[in-house]
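Open the model in your viewer and keep the selection tool at hand. The stops below go in order, each with something to select and a note on what is there.

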Amino acid sequence: AYIITEPCIDVKDGACTAACPVDCIYEGGRMFYIHPDECINCGLCLSICPVDAIAYDEEANEAQMAFIPVNRDYFGAD
Ligand code: SF4
Ligand code: F3S
């Protein structure tokens, strides 16, 4: 699944939500989160984010990888 990472914090541009065809990007507190079980991996949100906060989990760098459980835990998914 795609994930939202650190640059989104306190920026929350929101453009990604309009790009997502399945509405799986949710606003929560200081950032937005992608529901890992609802994301269809279409990639449409990736280049829309002005601060480059979105990444594909399987291609995430180390800093981005820390946000895989952050996105997952937000929804209480297992
Ligand atoms: Fe939505 Fe597609 Fe981005 Fe997943 S990859 S969050 S389905 S726009
Ligand atoms: Fe955040 Fe970028 Fe979306 S700042 S809300 S991930 S467009």
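Start by selecting Glu27, which stands opposite Phe32 in strand 3. Keep in mind throughout that this is a predicted model.

Next, extend the selection to residues 25-28, which form strand 2, and residues 31-34, which form strand 3. The two strands run antiparallel and are joined by 4 bridges.

Now look at the turn of this hairpin, where 2 residues lie between the strands. Select Gly29 there: its phi is positive, near 60 degrees.

From the hairpin, move on to the enclosed spaces. How many cavities of 30 Å³ or more are there? The count comes to 2.

For the second largest cavity, keep Ile25 and Ile34 selected, since both belong to its lining. Then add the other lining residues: Tyr2, Cys20, Val22, Cys24, Cys39, Ile40, Asn41, Cys42, Gly43 and Cys45. The space inside is about 60 Å³. Colour the lining by residue class and you should find 10 nonpolar residues, 2 polar and no charged.

Clear the selection and go to the largest cavity, which holds about 80 Å³ of space. Which residues lie nearest its centre? Select Cys8, Asp13, Gly14, Cys16 and Cys49; these are among the 14 residues of the lining. By class, the lining of the largest cavity has 11 nonpolar residues, 1 polar and 2 charged.

To finish, show both linings together in two colours. The second largest cavity has no charged residue in its lining, whereas the largest cavity has 2.

Terms used. Residues are numbered from 1 along each chain as its sequence is written. Chains are lettered from A and ligands numbered from 1 in the order in which they are written. This is a predicted model: local features need pLDDT of at least 70, side-chain atom pairs count only at pLDDT 80 or more; totals for chains, interfaces and linings use all residues. Side-chain values use heavy atoms; hydrogens and water are left out. On a 1 Å grid over the protein atoms alone, a cavity is a set of points where a 1.4 Å probe fits but cannot get out, and a pocket is an open set with protein on both sides within 12 Å along at least five of seven lines; lining residues have an atom within 4 Å of a point. Grid points are joined across faces, edges and corners, and a volume is the space filled by probe spheres set on the points. Ala, Val, Leu, Ile, Met, Phe, Trp, Tyr, Cys and Pro count as nonpolar, Asp, Glu, Lys and Arg as charged, and the others, Gly among them, as polar. Two strands pair if DSSP finds at least two bridges between them.
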